[in-house]
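Q: Please take a close look at the charged side-chain pairs of this protein. I should like to know where the partners sit, how accessible they are, and what surrounds them.

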Amino acid sequence: MQLKSIAQNAKLFLFDLDGTLYCGEKIFSFTKELLEEIRRQGKEYKFITNNSSKSCEDYALKMKNVYHLNVKADDFVTSGSATVRFICENYSNEELFVLGTESLKNEFLNAGLHLTDDINRVGCIVVGYDTELNFKKIDDACNILYTKKVPFIATHPDKTCPTNYGFMPDCGAICEMITTATGKTPIFIGKPAPLMPEICMQMTGIDRSETVVIGDKMKTDILSGLRSDTNTILVLSGDNTIDDALNSTYKPDVVIKDCGELLEVLKCI
């Protein structure tokens, strides 16, 4: 399928963030105009990110303050907010031990869920990308998993998170450390699972045939789009190369240099 036909048919664009619309603290030159063009055409976009260190509200503030984009919390579905929804649907009566940032914890609290630091009361454990991680949290998580039979949920499986100097351990690496110690493996909610695109389609009422997932990672963004049966576009402005796409057992519908190519096509429609 060609980029033009996907762009023409799409009514909902689901963008990954880092590596797709910006890199670290630097926004790509085309991003603001691209988002404005999508809205000008009466189409919709959402941001789907596996980074669960920030709530949707805090992400919206970051995008306004750092990148000067006019966005709101409803434009975001994070692995954290998707996990909140999953917990609400499956374990809403349990007391949760959340190994995550205060921002992530507030997202659970704002949904009416109950959190506890008392390891004897925990009914479910949730691990996110915790940029406020300390050894006590790890120790408590291992204690809970050794001494109690409780659901073990993780926001997303990414093992590394890009930084301005390279990479740092992400949620998947934190979970791997806990799994190594306890032998327990979590259920991962974020990409490549299909839940985040599914939530976006439910929010907008737009069909999967008119939805496209756009991201820089084959193993998360593209696979999530394929599993939710949407169109997919891999951008080469972040994690993966053209060789990664060519050598993969699954393929995106289109590979482009960056979202600037998408913008140029949209402007010609």
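A: A residue is called buried when its relative accessible area is under 20%, exposed when it is over 50%, and partly exposed in between. The structure under discussion is a predicted model. With this scale, Asp75 is buried because its relative accessible area is 2%, under the 20% limit.

Asp75 takes part in a salt bridge with Arg39, the N to O distance being 3.4 Å. Arg39 belongs to helix H2 (residues 31-40), while Asp75 is in the loop between helix H3 (56-67) and strand S5 (76-78), so this pair ties together parts that lie 36 residues apart in sequence. The two partners fall into separate classes of accessibility: Arg39, at 35%, is partly exposed, whereas Asp75 is buried. As a general matter, side chains of opposite charge can pair when their charged atoms come close. A pair counts as a salt bridge when a side-chain nitrogen of Lys or Arg is within 4 Å of a carboxyl oxygen of Asp or Glu, and the model has 15 salt bridges by this rule.

Another of them has both partners in one helix. Glu102 and Lys105 meet at 3.6 Å, N to O; both are in helix H5, three residues apart, about one turn of the helix. Here Glu102 is partly exposed, with a relative accessible area of 44%, and Lys105 is buried at 13%. Helix H5 spans residues 102-110 and also holds Leu109, which is partly exposed at 44%. The C-alpha atom of Leu109 is separated by 9.4 Å from that of Val84, a residue 25 places away along the chain.

A third pair joins Asp221 and Lys191, whose closest N and O atoms are 2.6 Å apart. Asp221 is part of helix H9 (residues 218-227) and Lys191 of the loop between strand S12 (187-188) and helix H8, so the salt bridge ties together parts 30 residues apart in sequence. Asp221 is buried, at 1% relative accessibility, and Lys191 is likewise buried at 1%. The pair is not isolated: salt bridges with shared partners join Asp16, Lys191 and Asp221 into one network.

Helix H8, which covers residues 195-204, includes Thr204. Thr204 is buried, its relative accessible area being 19%. Its side chain reaches the backbone nitrogen of Ile206 at 3.3 Å. Beyond residues up to four places away in sequence, Thr204 touches Leu12, Glu44 and Lys46.

Lys46 is also in contact with Phe15, whose other contacts outside its neighbours within four places in sequence include Leu34, Ile38, Tyr45, Ile214 and Leu262. Phe15 and Leu262 are, with Phe13 and Phe47, the residues with the most contacts inside the largest nonpolar core, which has 35 residues. A second, separate core of 23 residues includes Ile206, the residue approached by Thr204; Leu104, Met196 and Cys200 are also among its members. In soluble globular proteins, nonpolar side chains tend to be buried together.

Some nonpolar residues are nevertheless placed on the surface: Leu236, Ile242, Leu246 and Val255 form a patch with about 310 Å² of accessible area together. Of these, Leu246 is in helix H10 (residues 242-247) and is exposed, at 57% relative accessible area.

Technical notes:
Residues are numbered from 1 along each chain as its sequence is written. This is a predicted model: local features need pLDDT of at least 70, side-chain atom pairs count only at pLDDT 80 or more; totals for chains, interfaces and linings use all residues. Side-chain values use heavy atoms; hydrogens and water are left out. Patches are made of residues with over 30% relative accessible area and no salt bridge: like charges are joined within 9 Å, nonpolar side chains (Val, Leu, Ile, Met, Phe, Trp, Tyr) within 5 Å. Accessible areas come from the Shrake-Rupley method with a 1.4 Å probe; for residues, only the protein chains shown count as cover. Helices (H or I, at least four residues) and strands (E, at least two) are DSSP runs, numbered from the N terminus. Buried means under 20% relative accessible area, exposed over 50%, partly exposed in between (1.4 Å probe, protein chains only). A nonpolar core is a set of buried Ala, Val, Leu, Ile, Met, Phe, Trp, Tyr and Cys residues joined through side-chain atoms within 4.5 Å. Contact means heavy atoms within 4.5 Å. A polar contact is a pair of N or O atoms within 3.5 Å; within protein, one must be able to donate a hydrogen and the other to accept it, and residues adjacent in sequence count only if both atoms are side-chain atoms.
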